[in-house]
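This report walks through one protein model for a reader who has not met it before. Please keep the sequence and the 3D view open while reading.

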Amino acid sequence: MRCIRLVAMAPVLALCVPLFGIAPVGAAERPQPKLIVTIVVDQYSSDLFTRYRPTYNPKVNGLARLASGVVFPRGHQGHAATETCPGHSTILTGAWPARTGIVANDWQDPALRRKSDGADTFSIYCVEKPGEKDSDAKKRVISPGFLLVPTLGERMHARDPNSRVVAVAGKDRSAVMLGGAKADLTLWWTEKGFETYRGEESRIPIAISNPGHDDDKNTVNYKVRASYASRTVPTLPASCANDTLKVDVPPKASVGVLQATEPNSKRWRATPAMDSLTVDAALEAMKALQLGQRSSIDLLAVSLSANDYVGHYFGTAGPEMCAQQVALDQSIGRLLAALDKTGVSYVVAFTADHGGLDLPERNRLRGIPSAQRISAELLPGKMGAELAKELGLSVNVVLGKNEFGNDVYLNPEIPPDQRAAALEAAARKYRAHPQVASVFTRNELIAAERPTGPVDEWTLLERAKASFNASRSGDLIVLLKPYVTTYLSPANLDTDYVASHGSPWGYDRRVPILFWWKGVRGFDQPTAVQTVDIVPTLASLIGLEINANEIDGRALPIVLDSR
Ligand code: ZN
């Protein structure tokens, strides 16, 4: 029971009520962290959390421990473009992609023209260095230059230049978005091992990479490279016995049965080694930079990517994902155990960049008859060619080729006097397609009100508004109907991904948000909150002031009042 004094009433009453109210941060059990640890799991929906929460092992003390803290099972990435780069951009900025400027993993800049494989390309990768002339993905210079707002780490630095900020991830875009500009160390996995920004290689601790000594077996990067050669044979945990429903997605994929991952294959990224070695790199960085062990408050951000690759290769509801949950639990348990060992007072904030959708072939067997793969007619190359034919234009009307994205850009080569007609024709053609839910023009989005109501009740226009940045978003925003997977059948596509995310629907937007610290009084709060609430919540914990006009979130009440 807790007691509330109602001073406004006369005579003064003290009411004791059951413990369902919570007090704002600042109450008696407020933690005093020296280290903020942010853990992001890529493609970890609220649906996954709910399904596997009972299976996380208390002895491993990883996800079960975090789930014993303050749990918002219905957190949201509020925006429509539920991809990795926009999703990571919200987590440590407190801002929607509309404000972070990270509207997609890749967007088109009609004013930009570069060559890629001999053809013109307008595509920009969210963490490439702005202004680069080379569009070759292999030569890309990675940079936080497109992120328009400061991260929590930058704000901590601005308050106390001695604060240290480290971001480590399986993907470059994840590490860059969490660390932002001026992080002390930003590390992401590449085939060669964990790398950082060009020119900052000397910041990588020697325990991760020993310059000139690639054969140093003690380094994390040596272990990364050595792990490629081993065949990974997963075992099916007993708790996964009910998750075996074999689905064939001819001719390349068969999911629902645990299969060995061949040595040196791209599927290495979907094996436990990916997350485990990311944790190794994070721990070595933490040690080398003495995070939490000096007078300042530091920040460690870790993004674990294997979950996303398992989702893409095998879907979200089979034995592969179930086995991944066991590995994920162990990796997080190991990270937390190492943090405990340092004796540092730390607070964990845990969430995901987006959710995910199981493959349509299995969803149809599981009660969703409308689940289907995208029609090739909606891919920009085909749609643009059809429109050109209709309009008598000699150029493809829509930029892009084989990948569907919510943002649709008109080709800059369409003559000015024909652009309005082209836009209208494109909007009409998308709207007429049976797989399309809504089409908004950029003028509609510019005019739309900023969303203010509960995030789970936003209209599609509001979701698109949170994703919309006028200088980067498309001329049209095309949103597909629920349960449309944006990958074609593997038979028709040069990828072996079978399942996707990226939609404005609940399965892609809902992500758990968890807070844990030693001594936390845990509770579940089922109201819909947002990942942009994480920064103001953490800032409140460490007494860091942020102007409310600079962010889109609000501080969540995570400390129970024990009076
Ligand atoms: Zn992702």
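Does tyrosine 409 count as buried or exposed? Tyrosine 409 counts as buried, because its relative accessibility is 5%, under the 20% that sets the limit for that class. The model behind this value, and behind every other value in this report, is a predicted one.

**Tyrosine 409 and its surroundings**

Tyrosine 409 sits in the loop that runs between β17 (407–408) and α13. Apart from neighbours within four places in sequence, its contacts are Trp107, Gln108, Pro110, Val397, Val398, Leu399, Arg472, Ser473, Gly474 and Asp475. With one of these residues, arginine 472, there is also a polar link: the side chain of tyrosine 409 comes to 2.6 Å from the backbone oxygen of arginine 472. Isoleucine 477 lies 68 residues away from tyrosine 409 in sequence, yet their C-alpha atoms are 9.0 Å apart in space.

**Two domains**

The domain assignment splits the protein into domain 1 (35–102 + 147–367 + 503–545 + 552–562) and domain 2 (372–485). The centres of domain 1 and domain 2, taken over C-alpha atoms, are 31 Å apart. Domain 1 brings 30 residues to the contact and domain 2 brings 25 residues. The size of an interface is often given as the accessible area lost when the parts come together. Here domain 1 and domain 2 bury about 2200 Å² between them, and 57% of that area is on carbon and sulfur atoms.

**Nonpolar cores**

The largest nonpolar core holds 104 residues. Those with the most contacts inside this core are Ile39, Tyr44, Leu66, Phe194, Ile332, Phe350 and Phe515. Helix α8 gives the most to this core, with eight residues. A second core, separate from the largest, has 26 residues, among them Ala388, Leu393, Phe404 and Ala427.

Which residues does tyrosine 44 touch, not counting those up to four places away in sequence? The residues touched by tyrosine 44 are Phe49, Tyr56, Leu63, Asn307, Gln325, Leu328, Phe350, Ala352, His354, Gly355, Val511 and Pro512.

**Helix α7 and strand β10**

Helix α7 covers residues 220–227, and within it Val220, Asn221, Val224 and Ser227 are buried. Seen down the axis of α7, these buried residues fall within an arc of 125°, so they line one face of the helix. The cover over them includes β10 (185–190), β11 (193–195) and α8 (272–288).

Strand β10 contains threonine 190. When residues up to four places away in sequence are left out, threonine 190 touches Glu195 and Tyr228. Its side chain makes a polar contact with the side chain of glutamate 195, at 3.4 Å.

**Histidine 433**

Histidine 433 is placed in the loop between α13 (416–432) and β18 (436–441). With a relative accessible area of 9%, histidine 433 is buried. Beyond four places in sequence, histidine 433 is in contact with Ser375, Glu377 and Leu378. The contact with glutamate 377 is also polar, from side chain to side chain, at 2.9 Å.

The polar contacts named above are gathered here.

| Side chain of | Partner | Distance |
|---|---|---|
| Tyrosine 409 | Backbone oxygen of arginine 472 | 2.6 Å |
| Histidine 433 | Side chain of glutamate 377 | 2.9 Å |
| Threonine 190 | Side chain of glutamate 195 | 3.4 Å |

**Loop residues**

Most residues other than glycine have a negative phi. Asparagine 264 is not a glycine, but it has a positive phi of about 55°. Asparagine 264 lies in the loop between β13 (253–255) and α8. Asparagine 264 is exposed, with a relative accessible area of 58%. Tyrosine 483 also has a positive phi without being a glycine, at a value near 65°. The loop between β19 (476–480) and β20 (484–485) holds tyrosine 483, which counts as partly exposed at 26% relative accessibility.

Where is glutamine 293? Glutamine 293 is in the loop between α8 and β14 (298–304). At 46% relative accessibility, glutamine 293 counts as partly exposed. Glutamine 293 touches Asp298, Thr342 and Val344, with residues up to four places away in sequence not counted. Glycine 343 is 50 residues from glutamine 293 along the chain, and 8.9 Å separate their C-alpha atoms.

Conventions: Residues numbered from 1 in each chain as written. Predicted model: local features only at pLDDT ≥ 70, side-chain atom pairs only at ≥ 80, totals over all residues. Heavy atoms only, no water. Buried < 20%, exposed > 50% of the residue type's maximum accessible area, 1.4 Å probe, protein only. Helix = DSSP H or I, 4+ residues; strand = E, 2+ residues; numbered from the N terminus. Arc of directions from axis to C-beta. Contact = heavy atoms within 4.5 Å. Core = buried A, V, L, I, M, F, W, Y, C linked by side-chain atoms within 4.5 Å. Polar contact = N/O pair within 3.5 Å; in protein donor to acceptor, adjacent residues only side chain to side chain. Domains from an automatic or database assignment. Buried area = accessible area lost by both parts, 1.4 Å probe.
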